Amino acid sequence: MSRSVHLTRGTLASALVGALTTALLACGGETVATSPLKPTPTDTTPAPVVLALRKVAENRALRVRIGTAAGALFNSTDAASTQYMTVMAREFNALTPENEMKFSSLRPSRSEFRYARADSMVAFAAQNNMFVRGHTLAWYSQLPSWITSGTWTTTDARALLDEHITAVVNHYKGKLAAWDVVNEAFTDSPVTLRGGFWADKLGRGYIEQAFRTAFAADPSTPLYYNDYNIEGINAKSDSVYAMLSDLKARGVPVHGVGMQMHLIGGAIPDIASISANFARFSALGLKIQITEMDVRVPTPATSNMLATQAQNYRDVISVCLQNTACDMVVVWGFTDRSSWIPSVFPGQGDALLFDRNFSPKLAYTAVNDLLSGK
Ligand code: G3I
């Protein structure tokens, strides 16, 4: 009984928000209707209208950019794609191609570079005054089979890494705000150098080679090491810290660390630990960016869990706002319509700021409030 009442209220509320948001979008507005948190049966007033995330940040001249991964719905034939593009441009002032700059996407064969889709994202960003994070140059995953099933010597592998990084960094020279040069070089437990094509052929030296090669091709774009489960102080972040300290001490051109921030609702790392971790990396002279944030919850999500998720977003992003080395927060997609999570973690998802129908969730309101200084 109470469940059906709740659903009815939720449906009414979401219809109201949807209608208002649609109206605002139709006007090309920079405002968005927030989700009414606790609608009552007699509640007939529209939801409060707030400025879009990027407008809030830009109006307050915040150092921190707010970005999203641009994924499968980008300029797709999916019926929702138009709405996806509109919301992305309205809400975010940075984007990261979710898959389109990965090795396998760009290099169907050794001689062929397929830049079109990634280029269209970079062009969209330029048209909409958005920064772009390049993702990613040296990763164990998403390598094409012509590499992984080929027979290569160490010398060949070194040449392949150089050739790839030089060509791709040159192609985007001057257009990106950051490159994730090396992605996920460590395993979790035990923490050690992760195997894979580059590490198996070249050992740990591939990391340094990747940074030096990227810098040689474009000395102006900040170069990042990017990983997950390194947000708080733990064995893995200790290893990354040791590696980056060593690289910095030896003059290897590494400029920042990307904290991916794939989190579990209600079970995020201790905020004081995240803050202390950010502090030690920034004390090395590194910039910090939150690069792939999402907060997954069991689906279907309960309203309690969505409230917890909202608080988790707020608490984590607060750490970035408080550390002057942190200048960007990127969420790994923005609509629950499209996320990597359900296929990798069945029964989990709903990890993003907007629901499947592009209505803002509690998490959106929490982030908007935080950026607004509320
Ligand atoms: O493009 C093919 C398509 O042709 C095919 O029909 C379809 C069938 O499954 O697969 C499509 O490729 C998928 C690709 O996403 C594009 O949708 C791959 O199978 C799938 O493995 C790939 O997953 C991506 C994953 O990285 C692996 O590259 C996710 O979308 C992407 O969100 C995820 O992102 C990673 C970051 O790069 C690094 N950090 C972790 C993060 C989450 O895993």
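This is a conversation about reading a predicted model, covering its empty spaces, its ligand and one helix residue.

Biologist: How do I find empty space in a structure like this?

Modeller: Rolling a probe the size of a water molecule over the atoms shows where empty space is left. In this model, that search turns up one cavity of 30 Å³ or more. About 60 Å³ of space lies inside the largest cavity.

Biologist: Which residues line the largest cavity?

Modeller: Trp139, Tyr140, Glu184, Ala185 and Arg194 are among them, along with Gly195, Gly196, Phe197, Trp198, Ala199 and Tyr206. Helix H8, residues 197–202, gives the largest share of that lining, with three residues. Sorted by class, the lining has seven nonpolar, two polar and two charged residues.

Biologist: And what about the second largest pocket, how many residues line it?

Modeller: Its lining has 24 residues, and the ones nearest the centre are Glu184, Tyr228, Gln260, His262 and Trp340. The volume of the second largest pocket is about 520 Å³. Strands E9 (262–264) and E10 (287–298) each put at least two residues into the lining, and the largest share, three residues, is from E9. Here the classes come out as 10 nonpolar, eight polar and six charged. Keep an eye on Glu184: that residue is in the lining of the largest cavity and in the lining of the second largest pocket.

Biologist: Let's move to the ligand. Which residues are closest to the ligand?

Modeller: Start with who surrounds the ligand, then look at atom pairs. The ligand has 13 residues around it, and the closest are Glu98, Lys102, His135, Glu184 and Glu292. Now the pairs: a side-chain N or O atom of Glu98 sits 2.4 Å from a ligand oxygen. For Glu184, a side-chain N or O atom is 2.7 Å from a ligand nitrogen. Trp332 has a polar side-chain atom 3.0 Å from an oxygen of the ligand.

Biologist: Now a single residue. Is Asn170 buried, partly exposed or exposed?

Modeller: You go by relative accessibility, with partly exposed falling between the 20% and 50% cut-offs. Asn170 comes out at 39%, so it counts as partly exposed.

Biologist: Where is Asn170 found, and what is it in contact with?

Modeller: Asn170 belongs to helix H7, which covers residues 154–171. Setting aside neighbours within four places in sequence, Asn170 is in contact with Ile165 and Ala217. Ala217 is a good one to click on: it lies 47 residues from Asn170 along the chain, yet their C-alpha atoms are separated by 5.8 Å.

Technical notes
Residues numbered from 1 in each chain as written. Predicted model: local features only at pLDDT ≥ 70, side-chain atom pairs only at ≥ 80, totals over all residues. Heavy atoms only, no water. Helix = DSSP H or I, 4+ residues; strand = E, 2+ residues; numbered from the N terminus. Buried < 20%, exposed > 50% of the residue type's maximum accessible area, 1.4 Å probe, protein only. Contact = heavy atoms within 4.5 Å. 1 Å grid on protein atoms, 1.4 Å probe; cavity = no way out; pocket = protein on both sides within 12 Å on 5 of 7 lines; lining within 4 Å. Points joined across faces, edges and corners; volume = space filled by probe spheres on them. Nonpolar A, V, L, I, M, F, W, Y, C, P; charged D, E, K, R; others polar. Near = heavy atom within 4 Å. Polar contact = N/O pair within 3.5 Å; in protein donor to acceptor, adjacent residues only side chain to side chain.
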